[in-house]
Amino acid sequence: MPNILIRQDATRHFLVPIEPGETLLGRGEGAKVVLPHASVSRHHARVVMDTSGVWIEDVESQNGTLLNGEKLEGKRYLHPRDKITVGRFNLIFLGDGKEDRFFQGRYVQYLPAWKGTLDDDPEGGESTTALSLDALRALQAQTMLLESARLTDLENPEAFWCPEAQTLTFGNAGMVHVKGFFTWGVLAEVKWDGKRHVLHRRSKWWGTVSHNDVAVERAPLRNGDVVQIGGTRLRYAVDA
C-alpha cells in the first residue's frame, strides 16, 4: 500500500496510508489528513488512488501546493520519493515497492501514525518522573542508542538501517536483503533488549552470522562493531 510520510523534523516521521479513493489534506473539517497550521487551507489538496495510479491536485488553496519545489498546476501523478509541500508541512510520497520499505534507514511500517497535531507524542504523554543523576545519564545513553544507532553496509556506505527500539530482520525473507549463498529465510535479527541492541542468529547454519569476525548465536552490539550476515558486512555505529 502506498504511504505519505509527514516529516515533523529531522528525527520525527509519521505515516499516512493511502487507500483507494480520495484522501483530502487540509486544516478543517472534512480533511482526512489534518495539517493544523494557519499556512494550510481548510481544504488544501487531495490525493487520489485509482486504477491509473496515485495523483495529487491542489483544490484552490490560498498558498498553493508544491510538488518537488514547483507549484502544482492541475493533476499530477506521484512517483516514489516525490516531495509535497503543503503550507509549513513537508510530505514524502512512498510507493509500495521494495525500495519504499525504508526511509532514511527506518522501516516505514514501524513509524507512528499521524494524528493531526504537532504535539503528538508517540510515547503516550506520561506524567513526569523524578530521576537521579545516574538514572538520567543512563536514560540519555539509551536515547542516544535509539535515535542514532545505525548499521551501515561497508561496501555501500550510503545504505544504512536504523534499528531503534524495533526488530530488524536480515535475509531474503527479512526486511533487509543480504548477499551470498544460503541467505533464504531470515538469517539474523537485531533487537532492542531494553538497554542495547543485540544481534541474534536465526539461521540453522552455523557461521552465517558473525560478530567482529567470530561466528555467534547472540552478541550485544557496541559502537564500531562489525557484523557479517551472509555475504554482507555491516558496521554498527552510534553518532555522537
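K191 stands opposite V198 in β18. That makes a handy entry point to this predicted model.

**A sheet of four strands**

Strand β17 covers residues 188–192, and strand β18 covers residues 197–201. The two run antiparallel and are joined by 5 bridges. Both belong to an open sheet of 4 strands, in the order β16-β17-β18-β21, with antiparallel pairing. Which strands form the edges of this sheet? They are β16 (168–170) and β21 (218–220), and each of them pairs on one side only. Neighbouring strands here are turned by 15° against each other on average, direction ignored. As background, strands of a sheet pair through backbone hydrogen bonds, either parallel or antiparallel.

**The β1 and β2 pair**

Now move to the start of the chain. Strand β1 spans residues 3–7 and runs antiparallel to β2, with 5 bridges between them. Within this pairing, I6 stands opposite F14 in β2. Is strand β2 enclosed or open to the outside? Strand β2 (residues 13–17) has 4 of its 5 residues buried, so it is largely enclosed by the rest of the structure. In a regular strand the side chains alternate between the two faces of the sheet.

F14 is a residue to follow. F14 lies in strand β2. With a relative accessible area of 1%, F14 is buried, because the cut-off for that class is under 20%. F14 also has a partner from far along the chain: P112 is 98 residues away in sequence, yet the two C-alpha atoms are 5.3 Å apart in space.

**An aromatic cluster**

How many aromatic pairs does a search of the whole structure find? The count is 4. In one of them, the ring centres of F14 and W114 are 5.4 Å apart and the planes stand at 75°, so the pair is edge-to-face. The partners come from distant parts of the chain, 100 residues apart. F14 sits in strand β2, while W114 is in the loop between β13 (106–107) and α1 (133–148). Both F14 and W114 are buried.

W114 has another aromatic partner, F89, and this pair is edge-to-face as well. Their centres are 6.1 Å apart, with 80° between the planes. F89 lies in strand β11 (residues 89–94) and W114 in the loop between β13 and α1, so the contact ties together parts that are 25 residues apart in sequence. F89 counts as buried at 3% relative accessibility. W114 is buried too, with a relative accessible area of 11%. Together, F14, F89 and W114 form one aromatic cluster.

**Empty space**

Rolling a probe the size of a water molecule over the atoms shows where empty space is left. In this model, the search finds 1 cavity of 30 Å³ or more. The table sets the largest cavity beside the second largest pocket.

| Space | Volume | Nonpolar residues | Polar residues | Charged residues |
|---|---|---|---|---|
| Largest cavity | about 50 Å³ | 6 | 1 | 2 |
| Second largest pocket | about 170 Å³ | 4 | 2 | 5 |

Which residues line the largest cavity? The lining is made of R106, Y107, Y110, L111, C162, P163, E164, Q166 and L168. The second largest pocket is lined by R81, K98, E99, R101, F102, Q104, G105, E158, A159, F160 and W161.

**Two residues with positive phi**

Most residues other than glycine have a negative phi, and most peptide bonds are trans. R81, one of the residues that line the second largest pocket, has a positive phi of about 75° although it is not a glycine. R81 is found in the loop between β9 (76–77) and β10 (83–86). Its relative accessible area of 33% makes R81 partly exposed.

Where does N68 sit? N68 is in the loop between β7 (65–67) and β8 (70–71). N68 is not a glycine either, and its phi is positive, at about 55°. N68 counts as partly exposed, at 41% relative accessibility.

Key: Residues are numbered from 1 along each chain as its sequence is written. This is a predicted model: local features need pLDDT of at least 70, side-chain atom pairs count only at pLDDT 80 or more; totals for chains, interfaces and linings use all residues. Side-chain values use heavy atoms; hydrogens and water are left out. On a 1 Å grid over the protein atoms alone, a cavity is a set of points where a 1.4 Å probe fits but cannot get out, and a pocket is an open set with protein on both sides within 12 Å along at least five of seven lines; lining residues have an atom within 4 Å of a point. Grid points are joined across faces, edges and corners, and a volume is the space filled by probe spheres set on the points. Ala, Val, Leu, Ile, Met, Phe, Trp, Tyr, Cys and Pro count as nonpolar, Asp, Glu, Lys and Arg as charged, and the others, Gly among them, as polar. Buried means under 20% relative accessible area, exposed over 50%, partly exposed in between (1.4 Å probe, protein chains only). Two strands pair if DSSP finds at least two bridges between them. Axes are lines fitted to C-alpha atoms, for helices over the stretch in contact, and angles run from 0 to 180 degrees between N-to-C directions. Rings of Phe, Tyr and Trp (its six-membered ring) pair if their centres lie within 6.5 Å; planes under 30 degrees apart count as stacked, over 60 as edge-to-face and the rest as tilted.
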